[in-house]
Amino acid sequence: MQQSYDNLKCNSPMWCTSYTQDINAQAGQLKGWQQEYNQLSDGTFQGAMIHTDLGHFRLFQEHTSQALQQFCRVPEGAIWKGFSATPQRVCINHQQTNANTLMVRPGGIDFELSTDINSTLFGVVIAADTLKGQSERLLGHFAETLDTPQINALRNYMATVFKAQRLRWQSKTHQQLLHDYFNSLLSSSEKNAQLTKNCNQAISAVRTYLSEANDEATITVAGLATVAGLSPRDLHRLFYDHYGVSPARFLQSRRLNKVRRELQNNFNKRCVADIAFENVFFHLSQFSKQYCRLFGELPSKTKLTDV
């Protein structure tokens, strides 16, 4: 994943803030963390990231203006913990969260986030071996969320720290506070009940089908419902619950995001029409309207990614 640090400013050796206007640039803000974003809502993208390293803990606050499907992986051996800064729709691996949810994933394993318009997430990446035995526990149980009213205390702590963008205490004090909190939480909390087995199987079947499909033109909502083992109405509800859009809009946005990535990496200078046709957009005027509605710019204005 290419790293982009456009408009980067460091308030101190410990704090960095960056602003982006492209989802792919936003996905590359955290070094060592593999991410890919698909934009699902209409409009120009605006993103912001504040992060700081506190020894074994990396704290970050990320704001994104559009609804996104995010594919993420933190470094092997690390542990990622994330939660919403405000009440809003966030899903991890198709599991709906709430105000008391702490999302937890071990490093080296892909996971998917679905975030809403104007979403702000707090997160902590904990270095390998910081919480002894916890990474193995997470791998063994495939834990995804922990529900606890204690999350509000952590939310207030993170909000205060990021608002000030300075540390009132020494770094080692913050490290000890975070270490004690997470170690206690993970040791005493059981994995929260996951989405129903049928729902997980349905989403997994859809994702496998989409990843193996050779002809985008053959993919229909009715076909996805059959693959998922659901009625079209239940599939529609499932997609709205977890992505905030209909299955038809999801399929269209998926192809439009693929077009955008190809345009940004268009080193052979292929024309927009050729790329659009390859991605099953056969009516160019309609394609341009759909592209502009989703990304806030015409496909001809999408720039080649800097290298």
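Why are E262 and K258 separated by about one helical turn? The two residues sit four apart in helix α8, so about one turn of that helix lies between them. Keep that pair in mind, since the tour starts there. One note before you click: this is a predicted model.

**Stop 1: the network around helix α8**

Select E262 and K258 and show their side chains. They meet in a salt bridge, with 2.7 Å from N to O. K258 counts as partly exposed because its relative accessible area is 36%. Now add R270 and E278 to the selection. Salt bridges with shared partners tie K258, E262, R270 and E278 into one network. As a general point, side chains of opposite charge can pair when their charged atoms come close.

**Stop 2: more salt bridges**

How many salt bridges does the structure hold? The count is twelve, and two others make good stops.

Select D42 and R293 first. Their side chains form a salt bridge at 3.4 Å, N to O. This pair links distant parts of the chain: D42 belongs to the loop between β3 and β4 (47-54), R293 belongs to helix α10, and 251 residues separate them. Colour both by accessibility if your viewer allows. D42 is partly exposed at 33% relative accessibility, and R293 is also partly exposed, at 39%.

Next, pick D53 and R58. Here the side chains meet in a salt bridge of 2.8 Å, again N to O. With a relative accessibility of 41%, D53 falls in the partly exposed class.

**Stop 3: a nonpolar patch on the surface**

Switch to a surface view and select F277, F282 and L284. Together these three make a nonpolar surface patch of about 290 Å². F277 can be found in helix α9, which covers residues 272-278. Is F277 buried or partly exposed? Its relative accessible area of 37% makes it partly exposed, and patch members need over 30%.

**Stop 4: the second largest pocket**

Rolling a probe the size of a water molecule over the atoms shows where empty space is left. With that in mind, select N38, Q69, F71, L210 and R254. They are the closest to the centre of the second largest pocket among the 18 residues that line it. The volume of this pocket is about 290 Å³.

Which elements give two or more residues to the lining of the second largest pocket? Try colouring them one by one: β3 (34-39), β6 (68-73), α5 (197-212), α7 (232-243) and α8 (247-264). Helix α8 is also where E262 and K258 sit, four residues apart. By class, the pocket lining has seven nonpolar, four polar and seven charged residues.

**Stop 5: the cavity**

Now for an enclosed space. The count comes to one cavity of 30 Å³ or more, and the volume of the largest cavity is about 30 Å³. To see its lining, select E62, T64, Q70, T115, S119, T120 and L121. Two elements each give two or more residues to this lining, namely β5 (57-64) and β12 (119-126). The largest share, three residues, comes from β12. Sorted by class, the cavity lining has one nonpolar, five polar and one charged residues.

**Stop 6: two positive phi angles**

Turn on backbone display and go to H94. Although H94 is not a glycine, its phi is positive, at about 70°. You will find H94 in the loop between β8 (90-92) and β9 (95-96). Its relative accessible area is 5%, so H94 is buried.

Then jump to V280, another residue that is not a glycine but has a positive phi, of about 65°. V280 lies in the loop between α9 and α10 (284-295). Is V280 buried or exposed? At 19% relative accessible area it is buried, because the class takes in values under 20%.

**Stop 7: W80**

Finish at W80, in strand β7, residues 79-84. W80 is buried, with a relative accessible area of 2%. Add M103 and draw a distance between the two C-alpha atoms: they are separated by 7.9 Å, while the residues are 23 apart along the chain.

Definitions and conventions
Residues are numbered from 1 along each chain as its sequence is written. This is a predicted model: local features need pLDDT of at least 70, side-chain atom pairs count only at pLDDT 80 or more; totals for chains, interfaces and linings use all residues. Side-chain values use heavy atoms; hydrogens and water are left out. On a 1 Å grid over the protein atoms alone, a cavity is a set of points where a 1.4 Å probe fits but cannot get out, and a pocket is an open set with protein on both sides within 12 Å along at least five of seven lines; lining residues have an atom within 4 Å of a point. Grid points are joined across faces, edges and corners, and a volume is the space filled by probe spheres set on the points. Ala, Val, Leu, Ile, Met, Phe, Trp, Tyr, Cys and Pro count as nonpolar, Asp, Glu, Lys and Arg as charged, and the others, Gly among them, as polar. Patches are made of residues with over 30% relative accessible area and no salt bridge: like charges are joined within 9 Å, nonpolar side chains (Val, Leu, Ile, Met, Phe, Trp, Tyr) within 5 Å. Accessible areas come from the Shrake-Rupley method with a 1.4 Å probe; for residues, only the protein chains shown count as cover. A salt bridge is a side-chain nitrogen of Lys or Arg within 4 Å of a carboxyl oxygen of Asp or Glu. Buried means under 20% relative accessible area, exposed over 50%, partly exposed in between (1.4 Å probe, protein chains only).
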